[in-house]
Every structure is written in C-alpha cells, then in structure tokens.
Amino acid sequence: MTAVDDYSYMARAVRLAQHGLYTTDPNPRVGCVLVRDGEVVGEGWHERAGEPHAEVHALGRAGERARGATAYVTLEPCCHHGRTPPCSRALIDAGVARVVAAMEDPNPRVAGQGLAELASAGIPVQSGVLQEQAEALNPGFIRRMRTGRPFVRCKLAMSLDGRTAMASGESKWITADAARQDVHRLRARSSAIMTGIGTVLADDPSLTVRLDERAAGGGSRQPLRVVLDPHLSMPPTARMLSLAGDTLVFTACNEPALQRRLEGAGARVVVLADGPDAVDLTRAVEYLGAEQINEVLLETGAVLSGAMLRAGLIDELVVYMAPHLMGDGARGLFHMPGLDAMDQRLDVEIRDLRAVGTDWRITATPCRRSPP
C-alpha cells in the first residue's frame, strides 16, 4: 500500500465512523475498513454501546478474506475485556497482515497497548494517519479520558446585532427552521443538555431531540437533561420531568423536603454548592464526566453562559446568527460583568462559518488565557 492508499482508505473509515455519531454514547465513534490486494473485503462501524466494535463488524463481513488484509481503524483497537472481547485479539486471530490506526486510544486501559499487542504478534502497525479527522469524531470521549471532564459545547442564537431576546424576554424564534433543525442534530450527538433554572422558569423547555429515526441514525436515545438550580425553584410540573429520558438537577440547596418534591416527580437531585446561592460549576462538569458523559450541549441564557465561559468550562461555541436587528434595548449574548477595558476581552478562534438556511452558523473555540 502507498501512503496515498493509506489516506484514502482511512478517509473511508472516518466516513463509516460518522454513522455512529448519534448512537455509540458513551463509547467512541469508530470505523474500520479491511483491504486485501487493493480491494475492500470488509468494513463496518461501531453502532451502539454494548454491541460489536467496528473491527468485529468488518471481520465478520470479510470472513476468510480478512487473512492477509490491511485493517484501517480510526481508533487503536481495544485490548481489554469490557462488554465485548478485545478487538486486538480478533484481528490477530483473523490473520490480518497490517494494522493502520488513525490515533492511539486515550483510554488508560488501552493507551498504546492494543498496538503493542499487535506488534508483539508480528503484525506491522502504524498510527497517526488522518489523526486530526479522527479526533474530531470524538472530542468528548477524548476529553473525558484525558481530563475526566466532558467536552462542553455552548449553543447560542443571536440577531445580526448580537441580541438573544427582546427586553421583555421574548426570543421565539430568532432563527429559522433550518437552524433549529441543526440544533436538534447537535442535541442528538450530545450525551447531556444543560440549562439553568432561569430558562426553565421562563420557557419550560423540553430539551429533547426531535428528529425522525433516519435523521437520528436509527436511534431514539434522549440525552440526559441537566438543570442548574441553586435554590431548587424548579416546579415538579416542569415539562421535561414528564418526558422520556432522565433529568438531573444540580443545586446548592440542602433542603430534604424540596429535594424529595423534585425526586418524586422523577428528577435526580445532587447538591454541589459553591456557597449558599450558587452551584459549583467546575464540580458539576466533573460530576458529569464521572457519569460517562462525553459531550454536553449548553443551552441557556446569558448569565449561565457567561459564568461558564469565565470559568473556562466551555470548549466550543456554536452561534447561530439570524439576519435581524433587534436594537440596543434587547438582551446580549453573554452576561460578563467586570470587563471594563479592551485588554480584558476574551478572545475566540473562529474555526468554521457557514450558511444554514437563511441564518449563519459560527463555530469558535474560546482562547485560554495564560495565568498572569
């Protein structure tokens, strides 16, 4: 195989892995292609947690033709027993001649050991082919394995003049239908959707994925709904508590009666106080990581978004900009008091800008400030 072949077949494996974008949580999205004598003899992707991995699907489709083939995998084959047997052993037993991985697995239980096991069995291995594209498939899994925290993506909608709601609070709808459908795709790929109690009291949102089965990859999984509610003001009649899926409420209020009221309505309540009037945001994000949450979609108002941004807990901003002007009396995108001078600005790196229907979607990464 030439280097061009390696990149071509790995690109095919990346495209296969994308089929699992909405369904593999909390596992990574992985694709595999088996090639022998210039012919694809088997391919597959990890479809759902607890089910066979991409390599097993590809080997099953290849059968005896896997012997002597090169395996292209977007993530290092696992080498430990979990809910499924190790893929490294399956590749060895199938007699593959070479394994090319896009990246090493950040899971400490693997972390190079899968490739090492293959090499010890006499199989040449290579890693790093289309690594950037492979990493883009699994930002939450990688972040959680390396830091214990999920990847936090903040979704916002604004007018051309940077406003998110009229002074009265009216905000439906700033963006058009195409952008709102795009948001549901963001929800579908997320492990959890987080909001604040202000949004719950003002809008009574569902925070559910509303895509047809085909658009959602054939899955009907609803992300965990997470509400930050310092004083346990959430009514037990909140719409989300009557819907399919789970709701987790983080609070600073250690009042058993109030907790039992929400728990009786179906919520799970966890006290993570940062003083009497605030939830500890860092501990909340770390708690979600311990719960195997890979990607969090933050959908909330300016106060919580601003607090999360200032705390350095937002990894990506997805801002939908609509072709409207709402005036200087309308509400802004972030509430961040204390920014009084130009050198206090928070910089972002714009990584993508594209049209979504009549609106524009801006994808940006907050720039981390170096400590003084």
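This passage describes a sheet, the helices across it, two nonpolar cores and a cavity in a predicted model.

The sheet is open and consists of five strands, arranged in the order E2-E1-E3-E4-E5 with mixed pairing. Its edges are formed by strand E2 (39–45) and strand E5 (125–127), each of which pairs on one side only. On average, neighbouring strands of the sheet are turned by 15° against each other, direction ignored. At the E5 edge, strand E4 (residues 98–101) pairs with E5 in the parallel sense, over three bridges. Ala 101 has Ser 127 in E5 as its bridge partner.

Two helices were examined with respect to this sheet. Helix H1 (residues 3–17) lies across strand E1 (31–36), E2, strand E3 (70–73), E4 and E5, and runs at about 145° to E1. Helix H4 (residues 113–120) lies across E4 and E5, at about 155° to E5.

The largest nonpolar core has 37 residues, of which Met 10 and Leu 34 touch the most other members. Two or more residues are given to this core by each of H1, E1, helix H2 (54–62), E3, helix H3 (87–94), E4, H4 and helix H6 (139–147). Another core, of 32 residues, lies apart from it, and its members include Cys 154, Ile 293, Leu 313 and Ile 362. In soluble globular proteins, nonpolar side chains tend to be buried together.

The surroundings of Leu 34 were then listed, leaving aside its neighbours within four places in sequence. Among the residues in contact with Leu 34 are Glu 39, Val 40, Val 41 and Gly 42. Further contacts of Leu 34 include Ala 58, Leu 59 and Ala 62, together with Ala 66, Thr 70, Ala 71 and Val 96.

Asn 138 is placed in the loop between helix H5 (131–137) and H6. Its relative accessibility is 6%, and Asn 138 therefore counts as buried, the cut-off being under 20%. Leaving aside neighbours within four places in sequence, Asn 138 is in contact with Pro 28 and Arg 29. Gly 128 is 10 residues from Asn 138 in sequence, and the two C-alpha atoms are 15 Å apart in space.

Asn 138 is also one of the residues lining the largest cavity. The count of cavities of 30 Å³ or more comes to one, and the largest cavity holds about 40 Å³ of space. Its lining is made up of Thr 24, Asp 25, Asn 27, Arg 29, Asn 138, Phe 141, Asn 294 and Glu 295. Arg 29 thus appears both as a contact of Asn 138 and in the cavity lining.

Note on methods:
Residues numbered from 1 in each chain as written. Predicted model: local features only at pLDDT ≥ 70, side-chain atom pairs only at ≥ 80, totals over all residues. Heavy atoms only, no water. Pairing = 2+ DSSP bridges. Helix = DSSP H or I, 4+ residues; strand = E, 2+ residues; numbered from the N terminus. Axes fitted to C-alpha atoms, helices over the stretch in contact; angles between N-to-C directions. Contact = heavy atoms within 4.5 Å. Core = buried A, V, L, I, M, F, W, Y, C linked by side-chain atoms within 4.5 Å. Buried < 20%, exposed > 50% of the residue type's maximum accessible area, 1.4 Å probe, protein only. 1 Å grid on protein atoms, 1.4 Å probe; cavity = no way out; pocket = protein on both sides within 12 Å on 5 of 7 lines; lining within 4 Å. Points joined across faces, edges and corners; volume = space filled by probe spheres on them.
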